[in-house]
Amino acid sequence: MNFKKFEHRLFGRTRGRSKKKINIKSYLNLTEKFIIKKLKNNEEYILDIGSGYGETSTYLSNKFPNKLIISCEKYIDGNLNLYRNIESLKLKNLRIYPGNVNNILDQNIKSQYFSLVFIFFPDPWPKRRHWKRRLINVEFLKKIHTYLKKGAEIHIATDSISYSRQIFQVLFETKNLYKFINQNEIYLGIKDYYNIETKYYKKAIISGRNPILYILRKL
Ligand SMILES: C[S@@+](CC[C@H](N)C(=O)[O-])C[C@H]1O[C@@H](n2cnc3c(N)ncnc32)[C@H](O)[C@@H]1O
C-alpha cells in the first residue's frame with residue numbers, strides 16, 4: 001500500500017504517544033485484509049469518519065448487521081484496536097479505509113453510497129490559525145452531500161464550543177442541502193441518542209464539557 005499517493009493531507013497523529021513498538025508489517029497485512037477502496041453502486045454503506053479506537057465502528061457494526069460499515073481512520077494504534085475487535089467479536093460487516101476521507105470519496109465515482117455518516121469528535125483544532133484544518137466546513141458538507149443516499153443522515157458530535165459555533169454557521173449556509181433535525185429538541189446530548197462512550201467522549205466528560213450531537217438529514 002502506498003500511503004504517499006493519497007492526495008489530501010491529513011494533520012494530526014498517526015501513532016499514539018506510548019513508546020510501545022508495533023509490528024508495522026503485521027499492521028499492513030491486517031489493513032490489507034480489511035481495507036476497502038472501491039465502493040459499489042448497489043451497496044448501502046455506513047461511513048464512520050475519524051473512528052479513533054473504533055468504538056463507534058464496532059457499535060455501528062453490531063447495530064446494523066445488514067449494512068457494510070466503513071471505518072475511516074489513519075491512526076495506527078486505533079486501527080490495531082479495531083482489528084482486534086473485528087477478530088475477537090467476529091464482525092463480518094466492517095471494512096477500514098486507513099486515510100483521509102476525502103481520498104476515498106475522490107477515488108470513487110460520485111454516487112449515492114452512504115445512508116449514515118458518523119463524525120464523532122472531529123479534531124477541534126482549537127487555535128484559530130488551525131481552524132482551516134477542521135473537517136466540517138461548507139465545502140465538505142457540499143461534497144459529501146453528493147455521496148449520500150436520499151434521506152441519509154450525518155451525525156456529528158463535538159465538545160468544542162468554537163467548533164460548535166462553526167458548525168451552526170455551516171448548517172445555516174447549507175440549509176438548502178440539510179435539515180438540522182434535532183435543532184428544536186431540548187437536549188442535544190449524545191446520551192439522549194446513543195449509549196457510546198468513545199475515548200474523546202470520556203475526555204470531555206472528565207473535563208466537565210458536555211458534548212453536543214448534531215443530526216442532519218439530506219434534503
Ligand atoms: C479527536 S479524534 C476522535 C476519535 C473518535 N471518534 C472518538 O470519539 O474518540 C479525531 C480522529 O479523526 C481522525 N481524522 C481527522 N481528520 C480526518 C479525515 N479527514 N479523514 C479521516 N479521519 C480523520 C484523526 O486521525 C483522529 O483520530
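This report describes the fold of a predicted model and the surroundings of its ligand.

## Overall fold

The chain contains seven helices and seven strands. Read from the N terminus, these elements follow the order α-β-α-β-α-β-α-β-α-β-α-β-α-β. The chain is as compact as a globular protein of its length, because its radius of gyration is 17 Å and the globule rule gives 17 Å for 219 residues.

Measures along the principal axes describe the overall dimensions. The C-alpha trace spans about 50 × 40 × 35 Å along these axes.

## Strands β2 and β3

Strand β2 covers residues 68–72, and strand β3 covers residues 94–97. The two strands pair in the parallel sense, with four bridges between them. One bridge can be named by its residues: C72 has Y97 of β3 as its partner.

Helix α3, residues 76–88, belongs to the same part of the fold. Together with β2 and β3, helix α3 makes a β-α-β unit, and this unit is right-handed.

## Residues around the ligand

The ligand has 16 residues around it. Those that come nearest are G50, E73, V101, F120 and T198. By character, the shell around the ligand divides into seven nonpolar, six polar and three charged residues.

## Polar contacts and burial

Three residues can be described by their distances to oxygen atoms of the ligand. E73, already listed among the residues that come nearest, has a polar side-chain atom 2.6 Å from a ligand oxygen atom. For Y200, a backbone N or O atom lies 3.1 Å from an oxygen atom of the ligand. For K199, a polar backbone atom is 3.5 Å from a ligand oxygen atom.

How much of the ligand's area does the protein bury? Taken alone, the ligand exposes 600 Å², and the protein buries 92% of that area.

Conventions. Residues are numbered from 1 along each chain as its sequence is written. This is a predicted model: local features need pLDDT of at least 70, side-chain atom pairs count only at pLDDT 80 or more; totals for chains, interfaces and linings use all residues. Side-chain values use heavy atoms; hydrogens and water are left out. A residue is near a molecule or strand if one of its heavy atoms lies within 4 Å of it. A polar contact is a pair of N or O atoms within 3.5 Å; within protein, one must be able to donate a hydrogen and the other to accept it, and residues adjacent in sequence count only if both atoms are side-chain atoms. Accessible areas come from the Shrake-Rupley method with a 1.4 Å probe; for residues, only the protein chains shown count as cover. Ala, Val, Leu, Ile, Met, Phe, Trp, Tyr, Cys and Pro count as nonpolar, Asp, Glu, Lys and Arg as charged, and the others, Gly among them, as polar. Two strands pair if DSSP finds at least two bridges between them. A crossover is right-handed if, with the strands pointing away from the viewer, the path from the first strand over the helix to the second runs clockwise. The radius of gyration is taken over C-alpha atoms; the globule rule is 2.2 Å times the number of residues to the power 0.38.
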